[in-house]
Amino acid sequence: MKAFVLRGFGSADRLELGEMTTPSPAGDEVVVRVRATSVNPYDWHYMRGEPRIARLMSGGLGLRQPNVSVLGADVAGEVEAVGDGVRGYKPGDKVFGLLTGGGFAEWASAPIDRIAPMPANLSFEQAAAVPLAGVTALIAIRDGSVQSGQRVLVNGASGGVGTFAVQLARAVGAEVTGVCGKRNLDLVRSLGAHEAIDYTTADFSRMAGRFDVVLDISGGRPVSALRRLLDRKGTFVAVGGPGGRWVQPADRMMAVMAMKSFVPQRMVVADLVRHGAKAVLLRELAGLIEAGKVTPVIDRTYPFGEIPTAVAYQEKGHATGKVVITI
Ligand SMILES: NC(=O)c1ccc[n+]([C@@H]2O[C@H](COP(=O)([O-])OP(=O)(O)OC[C@H]3O[C@@H](n4cnc5c(N)ncnc54)[C@H](OP(=O)(O)O)[C@@H]3O)[C@@H](O)[C@H]2O)c1
């Protein structure tokens with residue numbers, strides 16, 4: 001099969017089109033004929049080997065060579081083969097999944113605890129936009145214990161995770177303020193935000209103490225400054241921030257952990273990697289999508305051969321929603 005193989009840490013030109021053996025399923029896996037995948041910051045963190053601190057962690061990026069040779073965490077496609085221990089899936093079923101990698105290829109093996117039946121109302125391209133960003137947003141909403149009637153600030157409302165977070169907070173019944181760039185204000189309002197604020201001109205000091213929950217997806221301002229937007233009983237959820245060479249965005253998670261015991265608010269880190277039950281969360285998202293409460297937002301779609309270009313575009317940090325690849 002054809003796959004884009006990561007030949008070593010570096011820029012998107014380290015992703016090379018090559019031939020690989022088509023996978024066969026282990027006992028608890030299915031093999032998916034990948035019809036679409038999408039790009040996440042997760043992919044270029046692996047590609048660059050940054051932040052470098054993550055190379056030292058067990059289960060991290062890999063010390064000198066990437067731990068994952070074929071990137072692409074999101075897949076949507078059809079089951080081609082099932083392992084001996086698999087119940088509930090058969091060849092031909094349409095599925096979507098959140099893998100540790102393998103999506104930048106024609107076929108991918110997928111453990112069944114990382115896939116779910118594809119939402120019936122989505123195309124493969126739309127379904128591939130959902131898993132990593134949608135599940136992260138769902139975890140953030142849960143970790144923030146977002147409730148109906150609460151005032152929620154979504155910082156980074158127009159990106160992959162943010163577009164899901166706005167819709168999920170609205171689905172719970174929260175009153176949402178979305179922070180994004182000027183060109184995305186209308187989009188964020190159209191997703192259900194009561195208010196959309198341009199981060200380049202917003203006066204954040206005027207909003208002090210106004211929110212019950214801050215979902216910090218894109219960073220851009222110190223954690224301490226965003227925390228001041230919370231009510232005394234509020235919850236701060238750290239999701240991400242701009243990538244850097246050595247530590248960023250992990251510095252924001254460290255700041256949250258360090259502040260935890262010294263501030264009145266609840267300080268939480270949303271962590272997709274360590275979160276179990278991905279198939280359960282995918283099924284929940286599928287239900288919300290089929291009910292019309294959540295719709296993936298796609299910035300642009302690239303063909304399979306342009307995966308390096310798609311990753312380089314996503315890496316710039318200004319995609320509106322998701323960058324999708326058709327296979
Ligand atoms: N904790 C976890 O387990 C987990 C899981 C997944 C992702 N993440 C992290 O979450 C972050 C977001 O991921 P993503 O997929 O949503 O990324 P993304 O799609 O690349 O986010 C891009 C968006 O960020 C917005 N943005 C850029 N600078 C901003 C600023 N200063 N203030 C507000 N918005 C700003 C951009 O808006 P404009 O174009 O309008 O500038 C753009 O819409 C990343 O850091 C990622 O690594 C964490």
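The following exchange concerns the ligand site and some backbone features of a predicted model.

Biologist: Which polar side-chain atom lies 2.6 Å from an oxygen atom of the ligand, and in which residue?

Modeller: Among the polar side chains beside the ligand, Asn 184 places a polar atom 3.0 Å from a ligand oxygen, and Gln 314 has a side-chain N or O atom 2.9 Å from a ligand oxygen. The distance of 2.6 Å to an oxygen atom of the ligand belongs to a polar side-chain atom of His 318.

Biologist: How much of the accessible area that the ligand has on its own does the protein cover?

Modeller: The shell around the ligand consists of nine nonpolar, 16 polar and two charged residues, and helices H1 (41–48), H3 (131–143) and H4 (160–172) are the elements that each give two or more residues to that shell. On its own the ligand has 940 Å² of accessible area, and the share of this that the protein covers is 87%.

Biologist: Which residue is joined to Pro 51 by a cis peptide bond?

Modeller: Most peptide bonds are trans. Pro 51, in the loop between H1 and strand E4 (74–82), follows a cis bond with omega of about 5 degrees, and the residue joined to Pro 51 by this bond is Glu 50.

Biologist: Is Ala 277 buried, partly exposed or exposed?

Modeller: Ala 277 is located in the loop between strand E13 (266–269) and helix H8 (278–290), and it has a positive phi of about 55 degrees although it is not a glycine. Its relative accessible area is 48%, and because the partly exposed class runs between 20% and 50%, Ala 277 is partly exposed.

Terms used: Residues numbered from 1 in each chain as written. Predicted model: local features only at pLDDT ≥ 70, side-chain atom pairs only at ≥ 80, totals over all residues. Heavy atoms only, no water. Polar contact = N/O pair within 3.5 Å; in protein donor to acceptor, adjacent residues only side chain to side chain. Areas by Shrake-Rupley, 256 points an atom, 1.4 Å probe, with all protein chains shown as cover. Helix = DSSP H or I, 4+ residues; strand = E, 2+ residues; numbered from the N terminus. Nonpolar A, V, L, I, M, F, W, Y, C, P; charged D, E, K, R; others polar. Buried < 20%, exposed > 50% of the residue type's maximum accessible area, 1.4 Å probe, protein only.
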